[in-house]
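Colleague: Got a minute to look at the aromatic rings with me? I'd like to go through them slowly.

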Amino acid sequence: MALKAGTVAAVGGGGKGGVFDGEACACLVRELRQSFESGRTRSYEWRKQQMRMVLKFLVEKEALIVQALHRDLRKPGFEACVSEISMLKSSCKLILKKLKRWMEPQKACVSITSIPGSAEIISEPLGVVLVISAWNYPFLLAMDPVLGAIAAGNAVVLKPSEVSPSTSSLLASLVSDYLDNSAIKVVEGAVDETTILLEQKWDKIFYTGCTRVGRVVMTAAAKHLTPVVLELGGKCPLVIDSKTDLKVTSKRVAVGKWGSNNGQACIAPDYIITTKSFAPKLIESLKQTLTSFFGDKPLLSPDLSRIVNTNHFSRLTKLLDDQRAFDKIVHGGERDEKLLMIAPTILLDVPADALMMNEEIFGPLLPIITVDKIEDSIDIIKSHPKPLAAYLFSNDKKLEKMFVKQISAGGMIVNDTVLHLTNPSLPFGGVGDSGIGAYHGKHSFDAFSHKKPVLHRCFIGEVWARYPPYNAMKLKFLSSAVAGDIFGALLSLVRCR
C-alpha cells in the first residue's frame with residue numbers, strides 16, 4: 001500500500017537495530033493500550049496537565065517553532081505566530097476553560113416505556129488513536145487534532161509530515177520533553193513508516209492531506225472497521241459580485257490566497273468567478289493590492305512563503321506552463337527555482353480543460369473565470385466535487401441566500417476568506433470528496449469521543465404488556481406507548497377495563 005516517495009527517518013519506536021518495522025509498531029501500540037487501559041488518560045487532571053504543558057512549550061519554544069517553520073517553508077514569522085502558534089494557544093485555553101463541562105454527562109429525555117427512569121449521554125474516550133498530519137501548516141495541523149484526542153482522554157500516536165522535516169523533528173522533541181510519553185508518542189518517517197502504522201488496529205485515524213492518500217487511509221482503516229476523520233481539500237471557489245466593496249474585497253482575497261502560505265492551504269481560494277464586465281476592475285484592484293502587500297519584487301518579499309520543495313515547484317510550474325493557460329497570465333508569473341519562489345499570479349479566462357482547472361492548485365496561481373451573469377457561477381461550482389470551502393463577496397442578499405442554499409461545501413464565508421478556520425464554535429471539515437468528519441473547539445473533543453447512551457431504571461413501574469403471553473390489547477397498548485401516543489395508550493387501558 002504505497003503512499004508516495006519520501007525520506008525514511010523513524011523516531012519514537014524501534015525493533016531490532018532501532019528499525020521501525022511491523023514488530024516495533026505493534027509493540028508501540030500495545031504499550032499505549034496498556035497505558036490507556038490503566039485509566040491514566042481518562043482523568044480530568046491528566047488531560048488538564050497535558051494542555052498546560054502544551055501551552056508551556058508554545059511559550060518557551062516559540063522561537064524554535066518559528067525557525068522550524070521558516071526552514072521548511074520560509075514561512076514569515078508573522079504568519080507562523082498568528083496562524084499556527086496563536087491558534088494552538090487558543091485551542092489549549094478553550095479546552096482548559098471548557099473541558100470539565102464537556103466531560104460531564106448530558107441529560108437525555110426518557111420515553112413513555114422507560115418511566116420511571118432517567119437517561120444520560122456519557123462522552124468516553126475511544127482508546128488509542130492515530131493522527132497523520134500535513135506539511136503546509138505542519139505545527140498547527142499536527143497538534144490541533146492531538147489536543148482534541150488528549151482532551152477526550154485518548155492515547156495518541158502522531159505521525160508528522162516528512163515533507164516538513166524541521167517541524168517534524170521539533171515536534172518529536174517537544175512531545176518527548178513536555179508530554180506524557182506513556183500515552184503520547186511521535187513516529188517520524190515517510191511512506192514505509194506510515195504504511196506500517198496503517199497496518200495496525202486503531203480506535204480512530206485522523207488524517208489531513210490530499211484526497212488520493214485519503215482513499216489509501218480509508219482503505220487501510222476499513223480492514224479493521226476503524227472510524228476515520230479525513231481532512232482533505234479540493235478546488236475552493238470564490239465568487240465576486242460587482243455589488244461589493246472592491247478595495248476591501250481585494251485585500252481579503254489577497255490575504256486569504258497569498259497570505260495563507262502563498263496559496264499552499266486547503267482553504268485558500270482556488271479560482272475566482274466573476275462577470276465579464278467586472279473582471280477588469282477586479283484585476284486592477286488585485287494588482288494594486290498585491291503591490292502594496294508584497295512590493296514590486298514579490299519573489300524577495302519577506303511576507304511570502306516559498307514553495308515547500310522541488311517536487312511541488314515542478315508541479316506548479318507545469319500548471320503555469322500549460323499551453324492552454326500560459327498566455328492567460330495577466331499579473332505575476334515570475335519564478336525562481338533556486339529560491340523555490342513563485343510570485344502571486346493571476347490568470348484570466350483559463351479554459352476548463354487546462355491542467356490547473358482539473359486539480360487542486362495548492363499554490364500562488366489564481367485563475368479567474370468570467371460569466372455573463374453572476375448567478376451562472378452556481379452551476380459551475382455545482383459541476384465540480386464539493387469543496388472544502390466556498391466564498392462569496394456580494395452585498396446582494398438575494399444572491400447570498402441563493403449561494404448559501406444551493407452550494408454544498410465543507411464551510412462557507414460571505415464577504416471574507418479563511419476566517420472560519422479561527423472560530424472554535426464552528427466545525428471545520430469537508431463534505432463528499434473534501435472530507436469526512438470535523439473538528440475544532442468542542443467538535444475536536446466530540447471527534448475523539450464515543451457518545452455512550454445510558455438508561456437507568458429502578459424495580460418499580462413494571463410495564464406488564466411487555467411480557468408474554470401476548471394479545472391484541474397488549475399490542476395496542478405497547479404500540480401506542482412506543483409511538484409516544486400517551487392518549488392512545490391510556491385509551492387502550494380504559495377499553496381493556
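**Aromatic rings**

Modeller: Sure. This is a predicted model. Ring pairs join Phe206, Phe428, Tyr439 and Phe448 into a cluster.

Colleague: OK, and how many aromatic pairs are there by this rule?

Modeller: The count is 9 aromatic pairs. Take phenylalanine 57 and phenylalanine 139: their ring centres are 6.4 Å apart and their planes sit at 85 degrees, so this pair is edge-to-face.

Colleague: Where do phenylalanine 57 and phenylalanine 139 lie?

Modeller: Phenylalanine 57 is in helix 2 (residues 44–60), while phenylalanine 139 is in the loop between strand 3 (128–132) and helix 5 (140–151), so the pair ties together parts that are 82 residues apart in sequence.

Colleague: Are phenylalanine 57 and phenylalanine 139 buried or exposed?

Modeller: Both phenylalanine 57 and phenylalanine 139 are buried.

Colleague: Back to the cluster. Why is the pair of phenylalanine 428 and tyrosine 439 edge-to-face?

Modeller: Planes over 60 degrees apart count as edge-to-face. The planes of phenylalanine 428 and tyrosine 439 are at 70 degrees, with ring centres 6.2 Å apart, so that pair is edge-to-face.

Colleague: And which strands are they in?

Modeller: Phenylalanine 428 lies in strand 17 (residues 428–429) and tyrosine 439 in strand 19 (residues 438–439), so this pair ties together parts that are 11 residues apart in sequence. Phenylalanine 428 is buried, at 5% relative accessible area, and tyrosine 439 is buried too, at 1%.

Colleague: New topic: what lies over the face of tyrosine 137?

Modeller: That's lysine 75, at 3.7 Å from the ring centre of tyrosine 137.

Notes
Residues are numbered from 1 along each chain as its sequence is written. This is a predicted model: local features need pLDDT of at least 70, side-chain atom pairs count only at pLDDT 80 or more; totals for chains, interfaces and linings use all residues. Side-chain values use heavy atoms; hydrogens and water are left out. Rings of Phe, Tyr and Trp (its six-membered ring) pair if their centres lie within 6.5 Å; planes under 30 degrees apart count as stacked, over 60 as edge-to-face and the rest as tilted. Helices (H or I, at least four residues) and strands (E, at least two) are DSSP runs, numbered from the N terminus. Buried means under 20% relative accessible area, exposed over 50%, partly exposed in between (1.4 Å probe, protein chains only). A charge sits over a ring if NZ of Lys or CZ of Arg is within 6 Å of the ring centre and within 35 degrees of the ring normal.
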